[in-house]
Every structure is written in C-alpha cells, then in structure tokens.
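Hi,

Here is the structure I promised to pass on. Could you open it and keep it beside you while you read the notes underneath?

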Amino acid sequence: MAEELTGYVYDIQKFSVHDGPGIRTTVFLKGCPLRCLWCHSPESQRFESDLAYMEMKCIGLEDCGLCAKACELGAITPGERKTSLSENKEIVVPVIDRQKCITCLKCAEACPSGAMYDPKKPMTVTEVLTAVAKDKKYYDKSGGGVTISGGEPMSQFPFTFALAKACHEEGISVALDTTGFAPTERFLEILPYVDLFLYDLKHLDSKSHQNFTGVPNELILENARTLVKAGGRFQVRFPMIPKLNATPENIRATAAFCVEIKEGIDVVQLLPYHKFGATKYDRLGIKYKLSNVEPPSDEFMQDALKLFQDMGLNAMIH
Ligand code: SF4
Ligand code: SF4
C-alpha cells in the first residue's frame, strides 16, 4: 500500500509563508544530488544520517556528559567553557572529533535534551499527511497548502509521489520545491498531483552550474520546458549570489530563459543571497565555503528586478 511508504524527513515547518502562496506546511526531505555552494540547509544534503550538535540545547559536559560517556571511540571531549545559550550559567561544551566519529549515533541516543541529534527522521506517508492535514482550514482560507521540499524531494520519488497524491486526494494544494534535477518521466508522472513547481534556476551556463552546484544544467532546463508544455505552473526562484551567479550575463540569460517558458510562470522570485544558514554548518562540523561573500545591495537587486520586469515578466524580490 502506498500509504505505508517511508520517507526520510529532516523537518516539518508549519505556518510557512515563504514556500509558495498562502499559509503552508513545508515538509523537508533529506538527501540531494546537488551541492550548491550557498546551500542554507546542509543537513538536507546527505541521504545518510548525520551527527549534528546544537549548543543552544546542551546542558554541558559537567552537568550531563552522557554523550561523551556513550562514545566508545572517545570522539567527544571537553571544549570551551561558555555561557549557555539557553540558561544563564556556564557550561563546558562537547567537541566532536569528526575524524574519529563514525556516525554510530550512540551519543545522540544518550543525549537527554536533543542537543546531539540526527536530522534524518523516518516517517510514513500517513504520518506526514496527518501532520499536514491538521492545518487544512488555514490552507483553504489563505490559498495555501503543502510544500514538499528538501534536499531534492524527487530523489525520494516513490514517497514524494505517494505524498503528493495523498494530499491532492484530501483536497490539499501541493507545491513541489525542486532543483529540477530528476528524470523527466518522473516529473511527468507527478505532474497531475502538483499544483505549483517552485523551480530553481541557479545558473544558465552549464559549466558554471556544474562548478557551483556539482551537476550540469541541461536536464534542469529541459525539464522546465517539458513541464511548461505539459501544463505545469511555475514559481521560478533565482538565488542571487554575488560573483557566482548574480553577474550581468547570467541575470540576462536567466531572464531570457524565463521569457522562453513564460506561459507557465506565475511569478519569478529573485532571492538575494544571505548567510543565515552558516551556523547550520557549524552544527555538522562542515566548513561554510562562502563566508567571504556578502549579500547583494538593494540597488543591485532593484536593477535586476527592473531587467526582469522590462522583459515582461511578473517578478519580485523575495
Ligand atoms: S556518533 Fe558515535 S562515534 Fe560519533 S561522536 Fe557520537 S558516539 Fe562517538
Ligand atoms: S548529552 Fe546532550 S545535553 Fe548532555 S552534554 Fe552531551 S550534548 Fe549536551
């Protein structure tokens, strides 16, 4: 039975207003074939489990220390003494030696506060649907629904398909937040159950796309064309990263591509780069590669917006 399929979720955000129209519940699935340098959710990238540490929830090694006791490899040792981020007291924070760690997750199982954790959570379609359906009255009033996001949700295709279909059958509008990097036939299969694609255009030059995301862009562009021809509705998203893809040539090329698929586009969202995800890299012990990149200026964003609008596109800065 499709309802018994299990997917790997790393978060469910209720009352989300940034992932499509109206009030939405966003279901974030784990695992992505891309590695965008600017990714603001590194916990979404790997299909496997991760060991994450959130200092804000930690009781400290002196008062607790269960993680260090649970680690048979001695990969957790005392670090700095710091003022606790949640309580007004000093704690000794645990330091994870990522070279020694084998992600056995015994420390996460032992942690009483959830400070050590694995973001990967198995959930059935029924469990997710139940969580999502609770807010149906808000979706109906606001023109919202569910957004299936990631990671790349098409990488867990059987689960994503079953969830989209189940939501659709419950009368819940479905948005699919996708990189576009998945087989065309899968997109065509899921199309009847997707009311809106939140579709990223990251770079129009395939070589640059490969350099900045780890994969080329031909399939992504072709899927967009195919889906628009088949009646798919799009909210195009263009994350604008200074020096990487927010260059005059790429802004023009992206706008030109949007004109090509204009009949399927509801809106083009220009997303100025931000660094809000940088602390999530610390939680996983991964280096954030764009720490030297600053957000684009308001003037730069306004100029880019004007270019899109002058080409007849319904565009906005989001
Ligand atoms: S995941 Fe396992 S090996 Fe890694 S720090 Fe925790 S207990 Fe040690
Ligand atoms: S077990 Fe959890 S709360 Fe206790 S010291 Fe380790 S990370 Fe902090």
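Below is what turned up, going from the overall build down to single residues.

First, a caveat: this is a predicted model.

**Overall build**

The protein has 318 residues, and for that length a compact globule would have a radius of gyration near 20 Å; the value here is 21 Å, so the two agree. If you want a feel for the dimensions, the C-alpha atoms fill a box of roughly 60 × 50 × 35 Å along the principal axes. In terms of secondary structure, you'll find 11 helices and 13 strands.

**Two domains**

The chain is split into two domains. Domain 2 covers 52–117, while domain 1 is made of two segments, 2–47 and 120–317. Their C-alpha centres are 33 Å apart. How many residues does each domain bring to the contact? Domain 1 gives 4 and domain 2 gives 5. On the domain 1 side, those residues break down into 2 charged, 1 polar and 1 nonpolar.

**The sheet**

There's an open sheet of 9 strands with mixed pairing, and its order reads S7-S1-S2-S8-S9-S10-S11-S12-S13. The edges belong to S7 (121–124) and S13 (315–317); each has a single partner strand, so one side of each has no neighbour in the sheet. On average, and ignoring direction, neighbouring strands here are turned by 30 degrees against each other.

If you'd like one pair to look at, take S11 (residues 234–240) and S12 (residues 265–272), which run in the parallel sense and share 7 bridges. One of the bridge partnerships to check there joins Met240 to Pro272 of S12.

**The ligands**

Ligand 1 is surrounded by 14 residues, and the closest are Cys71, Ala75, Cys101, Cys104 and Cys107. The shell around ligand 1 holds 12 nonpolar residues, 1 polar and 1 charged.

Ligand 2 also has 14 residues around it. Here the closest are Cys58, Cys64, Cys67, Cys111 and Ala115. The shell of ligand 2 contains 11 nonpolar and 3 polar residues, with no charged ones.

**Two backbone spots to check**

Where would you look for a cis peptide bond? Go to Gly150 and Gly151, which are joined by one with omega at about 10 degrees. Gly151 sits in the loop that runs between strand S8 (145–149) and helix H5 (157–169).

The other spot is Leu105, where phi is near 70 degrees, a positive value in a residue that isn't glycine. Leu105 lies in the loop between strand S5 (90–96) and helix H2 (106–110).

That's the lot from my side. Shout if anything is unclear when you go through it.

Cheers

How values were computed:
Residues numbered from 1 in each chain as written. Chains lettered and ligands numbered in written order. Predicted model: local features only at pLDDT ≥ 70, side-chain atom pairs only at ≥ 80, totals over all residues. Near = placed C-beta within 6 Å. Nonpolar A, V, L, I, M, F, W, Y, C, P; charged D, E, K, R; others polar. Pairing = 2+ DSSP bridges. Helix = DSSP H or I, 4+ residues; strand = E, 2+ residues; numbered from the N terminus. Axes fitted to C-alpha atoms, helices over the stretch in contact; angles between N-to-C directions. Domains from an automatic or database assignment. Contact = placed C-beta atoms within 7 Å. Rg over C-alpha atoms; globule rule 2.2 N^0.38 Å.
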